[in-house]
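Here are some exercises to work through with the structure open in front of you. Try each task yourself before reading its solution.

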Amino acid sequence: MYTILVTGGSGLVGNAVKNISTNYNYEFIFISSKDYDLSSFESTKQMFEKYKPEYVIHLAACVGGLFKNMDDKVGMLEKNLMINYNIVKCSHDYKVKKFVGCLSTCIFPDNTTYPINETMLHNGPPHTSNDAYAYAKRMLEIQCKAYNEQYGDNFVCIIPTNIYGSYDNFNLNDAHVIPALIHKCYLAKQNGEKFVVSGSGNALRQFIYSEDLAKLIMVVLEQYNEKNSIILSVSEKDEVSIDYIAKLIAKEFDYLDNLVYDTNKPDGQYKKTADNGKLINLIGDYEFIEIENGIKNVVKWFCENYYNVRK
Ligand code: NAP
Ligand code: GFB
């Protein structure tokens with residue numbers, strides 16, 4: 001039985017892969033920072049020496065929403081550069097059969113035509129709010145391509161849009177919009193206060209449910225044999241506004257009348273509309289979990305697990 005090493009195994013996407021792992025005939029090893037600090041080359045090497053995996057799904061990263069990206073540019077750049085460098089280098093040294101790395105649609109150029117497709121990744125600077133994270137992620141793709149071209153390593157990257165689901169990070173400053181607003185609305189209702197959404201609510205995003213992404217990652221691992229990166233996303237028509245998301249969450253808490261906007265806070269990138277045509281060509285039609293049901297599930301999970309969630 002081949003071994004799949006999943007870095008970032010304790011995170012949002014890592015847990016979603018864990019939840020479907022029993023459907024596959026591999027030995028899965030889920031790694032968190034408590035097991036190995038992947039920003040250390042020595043620690044990363046020890047991990048590979050122990051598990052000698054045939055496959056690597058590389059999800060580990062220093063991750064956060066708009067405000068964390070703006071507040072911790074050095075951390076976002078340096079930690080991600082070190083983690084990615086160590087993992088890709090060891091994947092080559094230990095002759096991994098296939099490596100799947102994880103980028104993000106926020107790393108595409110900000111000044112671009114829409115919809116964005118995979119060929120546009122290096123066509124210009126990313127949005128200033130997350131440029132540090134974006135350049136570190138772009139270097140992951142460059143490093144994978146270099147090993148592929150020089151040694152023929154089967155290293156490829158996926159490019160998800162904004163992800164949401166159970167096991168997310170609900171920390172009010174570091175979180176992405178959906179977990180942040182779920183936590184905010186929960187506290188606002190508990191304390192009888194206003195449910196404050198940051199920014200204007202006009203920004204547009206495509207959101208993929210973590211469990212859908214997990215299944216698609218396994219499709220890429222098992223069926224995608226190109227060396228170029230591939231966008232993993234719902235279609236453009238499923239792009240929604242932050243206002244729509246905020247209202248969905250407020251309705252789940254029956255707290256719609258208390259929703260207000262703090263327009264002193266930034267919106268970040270207005271949109272990053274991604275084309276999922278390459279994915280649909282690979283898998284044919286795929287029924288993604290609809291945002292309304294996904295948010296209902298996450299609100300329920302959050303309320304049932306409030307005392308144990310990351311916050
Ligand atoms: P997450 O929930 O924040 O989880 C991050 C994971 O990385 C955790 O398992 C964490 O371990 C691990 N990690 C962080 N620093 C580490 C270190 N120094 N050594 C070892 N492990 C370390 O992140 P996520 O949302 O699942 O993201 C997974 C991947 O998707 C990342 O590559 C991210 O850039 C990408 N992505 C995320 C989104 C999104 O909206 N969330 C969108 C596009 C792409 P601990 O639990 O021990 O800290
Ligand atoms: O999810 P988010 O933090 O990331 O924010 P990005 C999305 C939008 O939600 C922005 C608005 O327009 C925010 O102004 N928003 C409203 C909020 N209220 C809140 C709130 O309480 N918290 C947060 N976080 N947002 C990230 C990149 O950009 O996308 C990351 O910075 C990563 O690097 C991620 O790639 C997927 O979509 O703006």
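**Exercise 1.** Sort the shell around ligand 1 by residue class.

Step 1: The shell has 14 nonpolar, 11 polar and four charged residues. Here Ala, Val, Leu, Ile, Met, Phe, Trp, Tyr, Cys and Pro count as nonpolar, Asp, Glu, Lys and Arg as charged, and the others, Gly among them, as polar.

Step 2: A word on ground rules: this is a predicted model, where local features need pLDDT of at least 70, side-chain atom pairs count only at pLDDT 80 or more, and totals for chains, interfaces and linings use all residues. Residues are numbered from 1 along each chain as its sequence is written, chains are lettered from A and ligands numbered from 1 in the order in which they are written, and side-chain values use heavy atoms, with hydrogens and water left out.

Step 3: Of the 29 residues around ligand 1, the nearest are Ser 10, Ser 33, Tyr 133, Lys 137 and Arg 310. To be near, a residue needs a heavy atom within 4 Å.

Step 4: Helix 1 (12–20), helix 5 (131–151) and strand 6 (162–164) each give this shell at least two residues. Helices (H or I, at least four residues) and strands (E, at least two) are DSSP runs, numbered from the N terminus.

**Exercise 2.** Find polar contacts of ligand 1, meaning pairs of N or O atoms within 3.5 Å (within protein, one must be able to donate a hydrogen and the other to accept it, and residues adjacent in sequence count only if both atoms are side-chain atoms).

Step 1: Start with the side chain of Tyr 133, where an N or O atom sits 2.6 Å from a ligand 1 oxygen.

Step 2: Leu 12 uses a backbone N or O atom instead, 2.9 Å from an oxygen of ligand 1.

Step 3: For the side chain of Lys 34, the distance to a ligand 1 oxygen is 3.0 Å. On its own, ligand 1 has 910 Å² of accessible area, and the protein covers 89% of it (Shrake-Rupley method, 1.4 Å probe; for residues, only the protein chains shown count as cover).

**Exercise 3.** Which helix gives the largest share of the shell around ligand 2?

Step 1: Ligand 2 is surrounded by 24 residues, with Leu 66, Cys 106, Lys 184, Arg 205 and Asp 267 the closest.

Step 2: Check the contacts: the side chain of Lys 184 puts an N or O atom 2.7 Å from a ligand 2 oxygen, and a polar backbone atom of Ser 198 is 3.0 Å from a ligand 2 nitrogen.

Step 3: Alone, ligand 2 exposes 700 Å², of which the protein buries 97%.

Step 4: Helix 3 (66–71), helix 6 (177–191) and strand 7 (195–198) each give two or more residues. Helix 6 has the largest share, with four.

**Exercise 4.** Look for a salt bridge in helix 5, that is, a side-chain nitrogen of Lys or Arg within 4 Å of a carboxyl oxygen of Asp or Glu.

Step 1: The structure holds 10 salt bridges. One of them joins Lys 145 and Glu 141, with the closest N and O atoms 3.9 Å apart.

Step 2: Both partners lie in helix 5, four residues apart, about one turn.

Step 3: Glu 141 is buried at 4% relative accessible area, whereas Lys 145 is partly exposed at 24%. Buried means under 20%, exposed over 50%, and partly exposed in between (1.4 Å probe, protein chains only).
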